[in-house]
Amino acid sequence: MEPLPRLYVPATLANLGSGFDALGVALDLYLEVEAEPAREDAFLYEGEGHVEGTDNLIHEGFRAGMRELGLEPFPLMLRVFNPIPLARGMGSSSAALVAGVALADRLSGGRLGREGVFRVAARLEGHPDNVAPAVFGGFVAALSEPPLAIPLPGPKGVRFVLAVPPYEVPTPLARAALPKEVPLKDAAYNLARSALWPAALFSGRLEALKEACRDRLHQPYRAHLMPGVLEALEGALEAGALAAFVGGAGPTVAALVREGEEARVMAALEAYRGEGRMLVLGLGEGFRWKAT
């Protein structure tokens, strides 16, 4: 068998504020994976954090993808470079699962297809808002049951300013902070604003995103896990951001800005970032293969 091309899977941001478990976007920061069949599973990792062992999410995604096709998974040697911060709300786990399922698709001759990769990875992940943009790229609206993902237009001339604090917020902890019930008025508040996202992106009326990103379903309930986060979101909007929201389960704060206006928003998020880092990224593409 000829060596596979290198696989690139983007970082993602889920929720976009109001679109809890339904809206997401891909960033131009990519997990890179090289793979080849081997006598036994092997996993060579470099990049963010420390990951080891053959029970990693890429191998897991590959095995699930093969079994979805009724095929027996075979051992893979994986060489991985991951620049996506771990447990910071930038979709590192979704990128890994999508990578594994995409490998199963490639090694089976494309029998899953991109829609099949989305379906299997969304089932593994449990919610589709990170998986869909990792598969399709750009902004995406998605459901997990039934599995459905619809790409949305990506505006030109925008960037994401990301304030990434030095601490982690594990997704299970963030999920546990959510109430089992919310007031009807808060549900209606979010429904109206999540509907504004596709409307604003299709119409080009980006000024509406300042309201579209507002949320009452998850960010306020998780704020105690991310000191200063609500103030940071308002500060980014006051500094001219088109939208500002917590990436996924957090703690990263993401601000969508027009090119050339990054500096003011970065300054507004400086205190929240603390000893962490600031990233400026564009829209990403869905997973892709490139010859090495």
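**Exercise 1. Backbone outliers**

A87 is placed in the loop between β4 and α2; determine the sign of its phi angle and its degree of exposure.

*Solution.* The model is predicted: local features require pLDDT of at least 70, side-chain atom pairs count only at pLDDT 80 or more, and totals for chains, interfaces and linings use all residues. Residues are numbered from 1 along each chain as its sequence is written, and side-chain values use heavy atoms, without hydrogens or water.

Step 1. Elements are fixed by DSSP runs numbered from the N terminus: helices are H or I over at least four residues, strands are E over at least two.

Step 2. Phi of A87 is positive, about 50 degrees, although A87 is not a glycine. Most residues other than glycine have a negative phi, and most peptide bonds are trans.

Step 3. A87 has a relative accessible area of 26% and is partly exposed. The scale is as follows: buried is under 20% relative accessible area, exposed is over 50%, and partly exposed lies in between, with a 1.4 Å probe and protein chains only.

Step 4. D21 likewise has a positive phi without being glycine, its value being near 60 degrees. D21 sits in the loop between β1 and β2, and its relative accessible area of 21% makes D21 partly exposed.

**Exercise 2. Cis peptide bonds**

Which loop holds P146, and what is omega for the bond that leads to P146 from E145? Repeat the analysis for G250 and P251.

*Solution.*

Step 1. P146 belongs to the loop between β5 and β6 (147-152).

Step 2. Omega from E145 to P146 is near -5 degrees, and the bond is cis.

Step 3. G250 and P251 are also joined by a cis peptide bond, with omega about 5 degrees. P251 is part of the loop between β8 (243-246) and β9 (253-258).

**Exercise 3. Salt bridges**

How many salt bridges does the model contain, and what sequence separation does the pair E48 and R277 span?

*Solution.*

Step 1. Side chains of opposite charge can pair when their charged atoms come close. A salt bridge is counted when a side-chain nitrogen of Lys or Arg lies within 4 Å of a carboxyl oxygen of Asp or Glu.

Step 2. Applying this rule yields a count of 17 salt bridges.

Step 3. One of them joins E48 and R277, with an N to O distance of 2.9 Å. E48 is in the loop between β3 and α1 and R277 is in strand β10 (residues 277-281), so this pair ties together parts 229 residues apart in sequence. R277, at 31% relative accessible area, is partly exposed.

Step 4. R6 forms another salt bridge, its partner being E32, and the closest N and O atoms are 3.4 Å apart. This pair also links distant parts of the chain: R6 is in strand β1 (residues 6-14) and E32 is in strand β2 (residues 23-37), 26 residues apart. Both partners are partly exposed: R6 has a relative accessible area of 24%, and E32 has 21%.

Step 5. R273 and E270 meet at 2.4 Å, N to O, in a salt bridge. They are about one helical turn apart, because three residues separate them in helix α10 (residues 262-273). E270 is partly exposed, at 36% relative accessibility.

Step 6. Salt bridges also form a network that links R193, E211, R214 and E234.

**Exercise 4. Burial and C-alpha separations**

Is A99 buried or exposed, and what is the C-alpha separation of A99 and V33? Carry out the corresponding assignment for E238 and A208.

*Solution.*

Step 1. A99 is located in helix α2. Its relative accessibility is 0%, so A99 counts as buried.

Step 2. A99 and V33 are 66 residues apart along the chain, and their C-alpha atoms are separated by 7.5 Å.

Step 3. E238 is in helix α9 (residues 229-238). With a relative accessible area of 69%, E238 is exposed.

Step 4. The C-alpha atoms of E238 and A208 are 14 Å apart, and 30 residues separate the two along the chain.
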